[in-house]
Amino acid sequence: MQHSPLVTRVVGNLAALAGVVLLIGWGIDHTAGWLGYQPMALCTLLPPVIAAAYGVGVLITCIGVTMWVVSLGRSAGGMGLAVGGVLLFALPLVLPRYLGAVCLS
């Protein structure tokens with residue numbers, strides 16, 4: 001069985017949205033550092049993005065696991081949603097570390 005392209009599109013768009021918001025914050029911080037200001041946009045944007053990604057990621061994971069269990073392990077779409085949800089709520093924690101940003105709080 002193949003998973004639905006809608007599953008890939010939804011999870012990918014949500015992950016891209018979280019990533020783009022964090023990259024914009026990082027870009028603002030980078031520019032602020034060049035101009036002599038204290039960078040704080042990424043650290044300001046990080047908690048709401050983490051909260052939103054956690055909430056949506058857990059919801060998507062629960063829906064995916066439920067679909068997979070109800071179909072007795074035959075739903076590739078359910079497994080795709082479950083894995084995508086886990087990756088979605090891991091993205092905001094990993095991306096700032098890769099960008100070299102340090103937020104103390």
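**Notebook: three helices and a surface patch**

I began with Pro-5, which counts as exposed because its relative accessibility is 57%; exposed means over 50% relative accessible area, buried under 20%, and partly exposed in between, with a 1.4 Å probe and protein chains only. This is a predicted model, in which local features need pLDDT of at least 70 and side-chain atom pairs count only at pLDDT 80 or more, while totals for chains, interfaces and linings use all residues. Residues are numbered from 1 along each chain as its sequence is written, and side-chain values use heavy atoms, with hydrogens and water left out.

**Entry on α1**

I placed Pro-5 in helix α1, residues 5-34. Helices here are DSSP runs of H or I with at least four residues, strands are runs of E with at least two, and both are numbered from the N terminus. I then looked for a partner distant in sequence: Gly-77 is 72 residues away along the chain, yet the two C-alpha atoms are 8.8 Å apart.

I checked the length of α1. Its 30 residues reach 42 Å from the first C-alpha to the last, close to the 44 Å expected at 1.5 Å a residue. The expected span is 1.5 Å times one less than the number of residues.

I listed the buried residues of α1: Val-7, Val-11, Ala-18, Gly-19, Leu-22, Gly-25, Asp-29 and Ala-32. Their cover includes α2 and α3, where contact means heavy atoms within 4.5 Å. Leu-17 also lies in α1, but Leu-17 counts as exposed because its relative accessibility is 53%. From Leu-17 to Thr-61, 44 residues apart along the chain, I noted a C-alpha separation of 18 Å.

**Entry on the loop after α1**

I noted that Gly-36 follows α1 and has a positive phi, near 95 degrees. Tyr-37 sits in the loop between α1 and α2. Is Tyr-37 buried or exposed? Tyr-37 is exposed, because its relative accessible area is 57%. Its C-alpha is 52 Å from that of Val-69, although 32 residues separate the two along the chain.

**Entry on α2**

I compared the span of α2 with expectation. Its 30 residues should span 44 Å at 1.5 Å a residue, and the end C-alpha atoms are 43 Å apart, so the two agree. The helix has a kink of about 30 degrees, centred on Pro-47. The bend at a residue is the angle between axes fitted to the seven residues ending there and the seven starting there.

Buried residues of α2 include Ala-41, Leu-42, Leu-46, Val-49, Ile-50, Ala-53, Gly-57, Ile-60, Thr-61 and Gly-64. I found α1 and α3 among what covers them. Ile-63 is in α2 too, and Ile-63 counts as partly exposed because its relative accessibility is 41%. Its C-alpha is 9.2 Å from that of Gly-85, which is 22 residues away along the chain. Just after α2, I noted Leu-72 with a positive phi of about 60 degrees.

**Entry on α3**

I looked up α3 next. It has 24 residues and reaches 33 Å from first C-alpha to last, close to the 34 Å expected at 1.5 Å a residue. Where does α3 bend? It bends by about 45 degrees at Leu-91, and the proline Pro-92 follows within four residues.

The buried residues I recorded in α3 are Gly-77, Gly-78, Leu-81, Ala-82, Gly-84, Gly-85, Leu-88, Pro-92, Leu-95 and Pro-96. They pack against α1 and α2. Gly-100 follows α3 with a positive phi, near 85 degrees.

**Entry on the patch**

I ended at the surface. Which residues form the nonpolar patch? They are Val-65, Trp-68, Val-69, Met-79, Val-83 and Leu-87, with about 510 Å² of accessible area together. The elements that give two or more residues to this patch are α2 (41-70) and α3 (76-99).

I wrote down the criteria as well. Patches are made of residues with over 30% relative accessible area and no salt bridge, joining like charges within 9 Å and nonpolar side chains (Val, Leu, Ile, Met, Phe, Trp, Tyr) within 5 Å. A salt bridge is a side-chain nitrogen of Lys or Arg within 4 Å of a carboxyl oxygen of Asp or Glu. Accessible areas come from the Shrake-Rupley method with a 1.4 Å probe, and for residues only the protein chains shown count as cover.

One patch member, Met-79, lies in helix α3. I noted that Met-79 counts as partly exposed because its relative accessibility is 34%.
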